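Work through the exercises below with the structure in view. Try each task before reading its solution.

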Amino acid sequence: MANIKNDICQEFESEMWLFAAAELPEERMEYWNTHLAGCSKCLTELEEELNAVAVIRESTMIELDNSTFNRMIDNAVKVKRSRIKDIIESIRHYKSGINFYGKTAFAGGLVTIIVVITLIMYRPAPVKSIPAELLDWEGTKINSEIKEISNHLDRFVSNKWDNEVSDISQRLTIIENKLNEF
Amino acid sequence: MNSENEQKLIEKCKSGDSTAFGPLIKVYHRQLLSYLFRLCGNRNRAEELFQETLIKVWKGMNTYSEQQKFFSWLFTIAHNVAMNNLRLRKRDSILVDINPDVLKSPNDPHKELVAIEQNAIVEKAIDELPVKQKRVLLLRMYGEMSFKDIAALTCEPVNTVISHMHYSVKRLRTLLGKYNG
């Protein structure tokens, strides 16, 4: 019996903080409430743990005095607004005075000049055109070269075959004479 | 502060009313500052981190949703600010900052001395806890965060978080018990 109670108490120890934080399911909370009603050891243990944390918490808590706190709050809320304020102020400042349109015109003119200068300086080189007579001369020359090569080939082919045929017919004549002698 | 008043202040802050920010934070500033101080160990740095937290909270007010408790949301921001800062800089050696409120015993100087000593021991004991145990203890003690939220924030299982809490409190109780004799 004592062993069973010890086991239950050990089990409570492992769930004690969840119980203290009320983070257990309802049935489990009821179960432990019932156990604590009959177990002074667990109840004392729970109370001492919670007291220890409370004492440590209170004794180690620090705080800011009002003026420091208010100064920090002012610094925090200033950050978000000042950016928007700065943008609004800079636009207002730019637009102020009679020179606003003059400034805009000057800036526009300057940009135009810069663009024109850039286009002039980096103009791409024009494509060279070849004269028509040169093209015609080149074409005629190429044609004549092709014709000559063709003629050479024809001569080569016809000469080669004529020589071959002549050679073969000579050989045939020799063979025929030999056969006749035989 | 009851939740209705808090909700009104939150709505005002979201709409840009900076006058509502101070009262909204005032309720929680002790816990936030104490938490930051226990993490970094230096009063001045804790105040810098607190200032940084306030700036982030104000700028991020429109991102807060009622699904999460406002205090938990505050604490999450403070925790992240502290973690980022501690990653970049080495932790200072402990300067034990005595809480003057605890020490006010004008009629009993002996009590005052006892309080100073006890406070110093407790603070040293908290600082000597392993980092993970200390983090859980501080989040629970000052932030009153649920163990489920602490587990989500520290990326640890709930059972591990409970275990950290259990061992850290046991250790502190043992130390305090020794001191009190």
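Buried area is the accessible area, taken with a 1.4 Å probe, that two parts lose on being put together, summed over both. The model used here is predicted.

**Exercise 1. The interface in numbers**

Find how much area is buried between chain A and chain B, and how many residues each chain gives to the contact.

*Solution.*
- Step 1. Take the area. About 3800 Å² is buried between chain A and chain B. Carbon and sulfur atoms give 60% of that area.
- Step 2. Take the residues. Chain A puts 32 residues into the contact, and chain B puts in 45.

**Exercise 2. Polar links between the chains**

State how many salt bridges and polar contacts join chain A and chain B, then locate the chain A side of the interface.

*Solution.*
- Step 1. Count salt bridges. There are seven between chain A and chain B.
- Step 2. Look at an example. B:Arg173 and A:Glu48 pair through their side chains, with N and O 2.5 Å apart. A salt bridge needs such atoms within 4 Å, so this pair passes.
- Step 3. Count polar contacts. The interface of chain A and chain B holds 18 residue pairs of this kind, both residues at pLDDT 80 or more.
- Step 4. Locate the chain A side. Helices H1 (2–20), H3 (40–60) and H4 (66–95) of chain A each give two or more residues to the side that touches chain B. H4(A) gives the most, with twelve residues.
- Step 5. Sort that side by class. It has 15 nonpolar, six polar and eleven charged residues.

**Exercise 3. A salt bridge within chain A**

Which parts of chain A does the pair A:Arg28 and A:Glu11 tie together?

*Solution.*
- Step 1. Check the distance. The closest N and O atoms of A:Arg28 and A:Glu11 are 2.4 Å apart, and the two form a salt bridge.
- Step 2. Place the residues. A:Arg28 lies in helix H2 (residues 26–38) of chain A and A:Glu11 in helix H1 of chain A, so the bridge ties together parts 17 residues apart in sequence.
- Step 3. Set it in the total. Over all chains, the count is 17 salt bridges.

**Exercise 4. Two helix pairs**

Classify the crossing of H2(A) with H3(A), then that of H3(B) with H7(B).

*Solution.*
- Step 1. H2(A) and H3(A) pack at about 105°, their axes 6 Å apart. The range for roughly perpendicular is 65 to 115 degrees, so H2(A) is roughly perpendicular to H3(A).
- Step 2. A:His35, A:Leu36 and A:Gly38 of H2(A) meet A:Ser40, A:Cys42, A:Leu43 and A:Leu46 of H3(A). Four of these contact residues are nonpolar, three are polar and none is charged.
- Step 3. In chain B, the axes of H3 (residues 29–40) and H7 (residues 131–141) come within 10 Å and cross at roughly 170°. Angles over 145 count as roughly antiparallel, so H3(B) is roughly antiparallel to H7(B).
- Step 4. The H3(B) residues B:Tyr35, B:Arg38 and B:Leu39 touch B:Lys134, B:Arg135, B:Leu138 and B:Leu139 in H7(B). This contact has four nonpolar, no polar and three charged residues.

Technical notes:
Residues numbered from 1 in each chain as written. Chains lettered and ligands numbered in written order. Predicted model: local features only at pLDDT ≥ 70, side-chain atom pairs only at ≥ 80, totals over all residues. Heavy atoms only, no water. Axes fitted to C-alpha atoms, helices over the stretch in contact; angles between N-to-C directions. Helix = DSSP H or I, 4+ residues; strand = E, 2+ residues; numbered from the N terminus. Parallel < 35°, antiparallel > 145°, perpendicular 65-115°, else oblique. Contact = heavy atoms within 4.5 Å. Nonpolar A, V, L, I, M, F, W, Y, C, P; charged D, E, K, R; others polar. Polar contact = N/O pair within 3.5 Å; in protein donor to acceptor, adjacent residues only side chain to side chain.
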